[in-house]
Structure formats: C-alpha cells, structure tokens
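Q: Could you walk me through this structure before I go back to the bench? I'd like to begin with one helix and then work outwards.

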2 protein chains.
Amino acid sequence: MEETIPKKLNDEGSAGIVETLYFTFAEPPEELVLSNGSKLGPVTIAYETYGALNHDKSNAILVFHALSGDAHAAGYNSPEDKKPGWWDIMIGPGKPFDTDKYFVICSNIIGGCKGSTGPSSINPATGKPYGLSFPIISIKDMIIPQKKLLDYLGIKTLFCITGGSVGGMLVLQWLVSYPDLSEGAMIIATSPNHTAQAIAFNSVGRYAIIKDPNWNNGDYYEGEKPDKGLSIARMIGHITYLSEESMRRKFGRKVIDGKLSLTDIADFTKEFEVENYLQYQGESFIKRFDANSYLYITKAIDDFDITEGFENLCDALKEIKAKCFVMSFTSDWLYPKEQSMKIVKALKINGIETTYTNFESPYGHDAFLIDDARLKRLFAGFLKSIKERI
Amino acid sequence: MEETIPKKLNDEGSAGIVETLYFTFAEPPEELVLSNGSKLGPVTIAYETYGALNHDKSNAILVFHALSGDAHAAGYNSPEDKKPGWWDIMIGPGKPFDTDKYFVICSNIIGGCKGSTGPSSINPATGKPYGLSFPIISIKDMIIPQKKLLDYLGIKTLFCITGGSVGGMLVLQWLVSYPDLSEGAMIIATSPNHTAQAIAFNSVGRYAIIKDPNWNNGDYYEGEKPDKGLSIARMIGHITYLSEESMRRKFGRKVIDGKLSLTDIADFTKEFEVENYLQYQGESFIKRFDANSYLYITKAIDDFDITEGFENLCDALKEIKAKCFVMSFTSDWLYPKEQSMKIVKALKINGIETTYTNFESPYGHDAFLIDDARLKRLFAGFLKSIKERI
C-alpha cells in the first residue's frame with residue numbers, strides 16, 4: 001500500500017526530468033457529482049506523464065497509485081530534486097513500462113494531498129481549507145477525474161491500466177465503470193473488498209487520528225496538526241504492509257545500539273530496531289501527508305466493494321473487455337491470495353482472458369514496489385501479450 | 001492473550017464463591033531483588049485458590065494468567081458479584097482442572113493492577129503511586145512472588161503448571177527457573193520469544209499510550225488518565241488475538257444498524273460492526289486496566305527470551321523434569337505453530353516426555369479461552385497422564 005521502499009536514482013533507464021502538471025475541471029458553474037450525490041468543484045488533479053503519446057494515441061498506460069502515493073511515479077522533478085518516483089523501478093526507457101514505447105500517465109487521486117483536490121485544499125465557498133466540509137468520496141469517484149484527464153489529453157482507449165493495493169482497487173473500478181476503455185489491465189496485490197480484519201486495522205488508525213486532541217474535528221490547518229494520531233495510524237499500517245518473514249529477516253530481535261533492555265525506563269518504545277523503524281515511518285509520514293486525507297482515503301478503501309450494485313463478483317466483472325493480469329504475493333497477509341483468486345475465478349467464469357500469478361516473495365504486501373527482475377519480466381511479458389493481441 | 005470472551009456463569013460445575021486473598025513479602029528491611037538489580041518492597045500478590053490441598057500437598061496446580069488477566073480464574077467473588085473467573089470453563093468440580101481432585105492456585109502478576117504490586121500501587125518511599133518509579137520487571141521476576149506464595153502455602157512440588165499466551169511464557173520461565181518443581185507443564189499458545197512483528201504490535205500500543213498528553217510521564221493518578229492511548233493499544237491488541245477467519249465469520253462487512261456508509265461524515269470510525277466491537281473493547285478496557293501496567297507488562301513480554309543466558313533453546317530447556325504438553329492453535333497468527341514446534345523440538349532433543357497438539361480452531365490466539373469440549377478433553381487427558389506417571 002506504500003511507497004516507502006528506499007530507492008536509488010539510476011539515470012540510466014530513468015524517465016528523466018518530469019514536470020508535475022495540473023488539470024482542472026468542474027469549474028463554476030459546473031460541479032462534479034459524486035456517487036453519494038454531493039458535489040465538488042472546481043476539481044484539480046496533479047499528474048505526470050512519461051514517454052510520448054503515439055500518432056494514433058494507442059500507447060497510453062494509466063498507473064494508479066496506492067494509499068499514500070502521488071502523481072510522481074517515475075523520473076525526478078528537477079536537477080535539484082532527484083527524488084525518484086514511487087514506481088521508478090518499473091517506468092522508464094527499457095523498463096517494463098517502457099517509455100520508449102508507451103506513454104505512461106499517473107495522477108494523484110482526489111481526496112489526496114499531493115496536488116489534487118482534497119480536504120486540505122481551499123474550499124472556494126469559504127476561502128479556507130475544506131476540512132470536514134470536504135464530501136465523502138469513494139473509489140468510484142476517484143476514477144472520474146482520471147477519465148476527464150484522458151478526455152482532455154484526447155485519449156479514447158488505453159493500452160493498459162495498472163496499480164497495486166488501492167491502485168488495484170482503482171483498476172477494478174475502472175474496469176467496471178469503463179469496461180471497454182482499456183486493452184489490458186494489471187490487478188496487483190488487491191481485493192474485491194476489505195475483510196473485517198483489514199477494516200479493523202484502518203479503523204484503529206482513524207480512531208487514533210480523531211482522538212488526537214489536535215484533530216479538532218478536522219479543523220487544524222491553522223494550528224497544531226494531529227501528528228501523533230497520524231503517526232500511530234501509519235505505524236499500524238506499516239506492520240500490515242510487511243510480512244512476518246520480512247520483519248524477522250530485517251529486524252528480528254535486534255536491539256538499538258547501546259540500549260540495555262532492562263534498565264532504560266525512560267521510554268518504553270526505544271529498545272528494538274523494529275520500534276525505531278516504525279517510529280521513523282510514522283514521523284516521516286506526518287511531514288508529507290495530511291491527516292484528513294488519510295481519513296477520507298482509508299474510509300473510501302474500507303467502503304469499496306466492487307460487487308456493490310451487482311448480484312455478485314461474477315456479475316460485476318462480466319462486461320470487461322480487457323485482457324487481465326492478476327497478481328498476488330505469497331507473503332501478503334493484508335490481501336492474501338484467496339482474494340486475488342476470487343477475482344480470477346470471476347474473470348474466468350466470464351470467459352475473460354486472464355493470467356494469474358501468486359508471486360513468490362518474502363516482502364509481504366509491499367512486494368510490488370520491490371526491484372525484482374522476475375517481477376519486471378512478468379510485467380513486461382504481460383504488456384507484450386497485449387501487443388500481440390491487438 | 002485476553003480474557004474477554006463473554007462467559008456465562010453455570011453454577012453446576014462452578015468453583016463457587018471464592019475470596020481473593022493477599023500475600024505480602026519482602027517487607028522492610030527486606031526487598032525483592034529484580035533481575036536487573038533494582039529492588040522492590042514490600043511486594044503483595046493477590047491470589048485465589050479453588051479446591052482443597054491434599055494431605056501430602058501433591059495436588060496443586062498453578063495457573064498463570066495472560067496480559068490483562070488477574071487472580072480471579074474461576075468461580076465468583078460474592079453472591080452480588082457473579083462475574084466468573086477468566087478460566088471458569090476449565091476450573092471447577094468435574095472440569096479439566098477438577099477442583100474435586102486438585103488444589104488450583106492463580107495469582108496476579110507483579111506489575112499488574114489487580115491487587116498485586118504494580119506501578120499504580122503506593123510507593124512507600126513517597127506515599128504516592130509508583131508511576132515510572134516502579135522498576136522495570138521481567139517475566140523472570142514475575143514468577144518469584146508466585147514461588148514465595150507456594151513456600152508460604154507449604155507446597156514444595158506442583159502437580160502441574162499451566163497458562164496460555166503470556167501465561168505460557170510464565171510456564172516456560174518457571175520450568176527454566178525451577179526445573180524440578182512441577183510434575184507436569186502445559187505450555188499453551190505461546191512463544192520462546194517475540195518476533196519482530198509481535199514486538200511491533202505491542203510497541204505501537206505503547207507509543208499510543210506515551211504520546212497521549214494525559215500520560216504525563218506516567219504521573220496521571222490524580223488527574224485525567226491516558227484513556228485514549230490505552231484504548232488504542234487495546235484495539236490493536238484485539239485484532240491480533242482474533243483470527244482473520246473469526247473476524248470474517250463474526251463481523252464480515254456488516255454495517256452498524258442505520259448507518260449509511262457514504263453520507264455519514266460525522267465520524268470515520270462508526271460504520272462497520274467490527275469498528276463498534278473494537279471500540280467497545282477499548283472503552284471497556286480503560287475502566288479495568290492501568291496504562292502504566294500495560295506499558296510495564298508488554299515491555300516484559302517483548303523483552304522475554306527464554307534462551308537468554310543459554311546457548312540456544314535446547315540448552316535453556318535441558319534441565320526440565322516435568323512432563324510437557326505443548327499446544328498451538330491453527331488460526332493463531334500472533335504465536336503461530338512454528339513457535340510451539342521450536343519448543344517441542346528442544347524438549348524432544350532433551351529427551352523430555354512431550355505431547356504436542358496443533359489444535360484445529362478458527363478462534364485465533366484467544367482459542368484457549370473458548371469453551372470447547374475437545375479442548376477440555378485434551379487438558380483432562382494430559383492431567384490424567386501425569387497422574388499415571390507419578
């Protein structure tokens with residue numbers, strides 16, 4: 001669900017310098033009508049593109065990011081800011097999403113805080129940040145601005161759509177909302193809907209935020225932020241993104257240098273390396289993410305159910321025209337393989353061309369963000385199979 | 001780890017009315033020297049007993065409780081307070097720990113807040129609650145007062161020791177500290193030490209407590225308590241005590257009556273039944289548990305490593321004279337079967353008579369608290385096998 005795996009920038013194969021662009025629609029008197037009937041406008045989305053759109057506009061790949069991701073999926077934003085995009089390992093010249101061949105687009109979801117309209121954006125009606133006056137949004141709502149962006153770019157059909165975790169939910173939703181607008185679809189490390197356990201982890205995180213006295217009913221933009229609550233939410237999330245095995249390999253019971261377990265009573269959370277790691281994740285997250293965005297997006301994730309409005313999963317997926325690639329990871333316990341297999345079964349019953357891999361990896365849910373040659377070959381191979389098909 | 005499974009009091013088979021008793025030692029000028037060298041005194045422990053000690057004092061069973069448990073393991077405390085003990089399903093006339101045959105003892109661990117000396121007890125040096133002046137305690141320290149209690153009761157050898165979760169760690173520690181003081185030992189749903197993932201869950205809970213502004217460095221006994229932090233810690237813990245399957249069966253994606261997911265923006269944590277359940281667990285816990293006790297006890301659990309001071313697990317367990325019964329639960333993902341199997345392997349290598357069961361149950365870590373006829377038969381069967389042995 002996360003983009004926190006440290007990445008090295010490798011100029012060879014890099015998408016190079018990319019500019020984050022902004023696209024605005026639903027400007028007054030227009031408004032975007034959301035799935036619960038509430039309205040939002042104007043709506044801006046931040047996006048980046050890599051590679052060039054070909055003459056007949058048939059080589060576009062739309063990438064959906066995960067919970068805390070953003071539009072910056074590859075390359076870097078300036079010579080001064082060489083931070084590579086969150087999927088830089090996958091997007092660039094010669095990489096699976098080969099920017100010598102494909103035109104790759106990634107945009108920040110609405111509700112977010114990375115350039116797209118969200119609860120921290122200014123509400124034009126008040127001149128102040130929306131806070132809780134921001135409407136409740138759904139995964140279904142999040143793909144509409146992305147479709148508007150494609151219209152704006154003049155792209156009628158996508159070559160492929162792809163995304164892991166929440167990004168995979170967005171892929172599923174796109175396939176259901178626009179079943180014939182993509183030749184291929186990669187549904188990675190995701191689920192048709194959250195289990196009670198997955199809801200539980202998200203909900204305790206939200207509880208930590210709303211119980212932080214600084215949350216102040218979402219109205220904290222001029223004062224202290226609910227940093228403690230948000231960092232707790234992030235720490236809980238992080239445990240679920242890693243596998244028991246990867247935590248064991250990485251940290252085990254290793255003690256922070258110089259700490260003596262039984263005599264250091266000054267703090268109850270600073271003995272083991274895994275504690276240090278989680279606190280670092282929590283404390284760095286609060287610098288880059290908005291607590292209200294965390295509430296709105298995780299709520300949209302928990303509410304997501306691709307079968308909603310249909311008789312069952314099979315019925316929900318029946319109109320899909322894309323060739324599908326479904327991937328789970330052996331050590332992902334947040335979205336275990338059974339959930340991907342449900343999707344595969346429903347696709348197959350509908351006669352939809354589908355490839356499924358339960359990818360052997362110790363890295364848990366975050367495995368799709370790991371630089372792994374086998375993973376890259378599978379991604380590239382699937383894209384090749386779409387090319388041969390069309 | 002928990003005693004939250006609702007229980008019905010059944011007077012038939014009940015241990016009846018039991019009084020909680022108190023035993024004090026290490027009174028001035030004596031002090032209990034803890035494993036890190038710090039001192040504590042006087043030390044009081046709350047305990048209860050069920051059944052009668054036989055003439056040669058050979059029928060005593062010592063029961064160790066889990067994280068949030070207490071001395072009240074069976075029966076009820078008064079006709080007005082008919083709350084059954086946390087293992088009432090197992091202890092009573094005709095039950096596996098049959099009080100017609102055995103003398104069953106359970107005492108609250110030190111560091112706790114249920115009658116035994118802990119951080120909320122009065123520090124005789126200041127006349128105020130210890131708070132953080134309470135010394136850091138270990139699992140090893142927690143069994144010493146229980147040994148003193150046995151000395152006081154005149155019991156030289158135990159018929160059996162038993163406990164699940166942290167109680168199982170206490171059983172292991174007892175076996176290592178006093179390898180020849182029990183005929184039998186039941187090591188249930190536990191681990192030789194915490195994995196990084198288990199430490200992580202506990203640590204985020206502690207982080208939530210110490211970041212609660214009301215925690216005030218542990219000095220909150222005269223003001224507002226860190227209830228928010230403690231309830232978050234409890235909610236996180238609860239997720240780990242249940243299995244994915246039991247949560248799915250019990251809650252699935254069921255929505256609280258009358259809630260509409262996409263329009264209720266007043267709260268981000270009150271849509272799904274599982275959210276309600278967790279909040280109820282958190283909010284009831286703060287009424288019965290002390291936040292500092294939670295810090296001290298979970299720290300002792302994370303620090304626990306039965307191999308400490310030994311070459312390996314095999315070396316640690318080599319002196320054990322008890323017949324051992326090890327049990328894991330198929331759906332326990334907090335202490336999965338591999339951890340029990342390590343213990344079994346080490347016992348077997350040492351030639352120690354050992355029975356192992358990976359018990360089929362959907363109830364996760366808390367399964368040892370579930371009223372299950374198969375479980376009871378296994379417990380009773382093991383006790384019978386000790387009887388035949390001696």
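**One helix and its surroundings**

A: The model is a predicted one. The buried residues of H1(A) are covered by, among others, S4, S5, S8, H2 and H7 of chain A.

Q: Which residues of H1(A) are the buried ones?

A: They are Ile139(A), Lys140(A), Asp141(A), Met142(A), Ile143(A), Pro145(A) and Gln146(A).

Q: OK, and how many residues does H1(A) have, and how far does it reach?

A: H1(A) has 15 residues, and the distance from its first C-alpha to its last is 22 Å, which is close to the 21 Å expected at 1.5 Å a residue.

Q: What does Gly154(A) do just after H1(A)?

A: Gly154(A), which comes just after H1(A), takes a positive phi of about 75°.

Q: Switching to the sheet in chain A: what order do the strands come in?

A: Eight strands make up an open sheet in chain A, in the order S1-S4-S8-S5-S11-S12-S13-S14, and their pairing is mixed. The edges are strand S1 (21-25) and strand S14 (354-359) of chain A, each of which pairs on one side only. Direction ignored, neighbouring strands of this sheet are turned by 20° against each other on average.

Q: How many bridges join S5 to S11 there, and which way do they run?

A: Strand S5 (residues 60-64) of chain A is joined to strand S11 (residues 158-164) of chain A by four bridges, and the two run parallel. Within that pairing, Leu62(A) has Ile161(A) in S11(A) as its bridge partner.

Q: And which strands does helix H1 of chain A touch when it packs on the sheet?

A: Helix H1 (residues 139-153) of chain A touches S1, strand S4 (43-50), S5 and strand S8 (103-107) of chain A, and its direction makes about 60° with that of S4(A). Helix H2 (residues 166-177) of chain A also packs on the sheet, where it touches S5, S11 and strand S12 (182-188) of chain A, with its direction at about 140° to that of S11(A).

Q: Now the other chain. How many residues of chain A are in contact with chain B?

A: On chain A, 46 residues are in contact with 46 residues of chain B. Helix H3 (196-210), helix H4 (227-241), helix H5 (244-250), helix H6 (273-288) and helix H7 (291-303) of chain A each supply at least two residues of the side that touches chain B.

Q: Which of them gives the most?

A: That is H3(A), which gives 11 residues to the side of chain A that touches chain B. By class, this side of chain A has 24 nonpolar, 12 polar and 10 charged residues.

Q: What rotation superposes chain A on chain B?

A: Chain A superposes on chain B after a rotation of 180° with 0.0 Å of shift along the axis, and the RMSD is 0.0 Å. This is the relation of a two-fold axis. The same surface serves both copies, since 100% of the contact residues of chain A recur in chain B.

Q: Last one: in chain B, which residue of S8(B) does Val63(B) stand opposite?

A: Val63(B) stands opposite Cys106(B) in S8(B). Strand S5 (residues 60-64) of chain B and strand S8 (residues 103-107) of chain B run parallel, with four bridges joining them.

Notes:
Residues numbered from 1 in each chain as written. Chains lettered and ligands numbered in written order. Predicted model: local features only at pLDDT ≥ 70, side-chain atom pairs only at ≥ 80, totals over all residues. Pairing = 2+ DSSP bridges. Axes fitted to C-alpha atoms, helices over the stretch in contact; angles between N-to-C directions. Contact = placed C-beta atoms within 7 Å. Nonpolar A, V, L, I, M, F, W, Y, C, P; charged D, E, K, R; others polar. Least-squares fit on C-alpha atoms with pLDDT ≥ 70 in both. Expected span 1.5 Å × (residues − 1). Buried ≥ 20, exposed ≤ 12 C-beta atoms within 10 Å, placed from the backbone.
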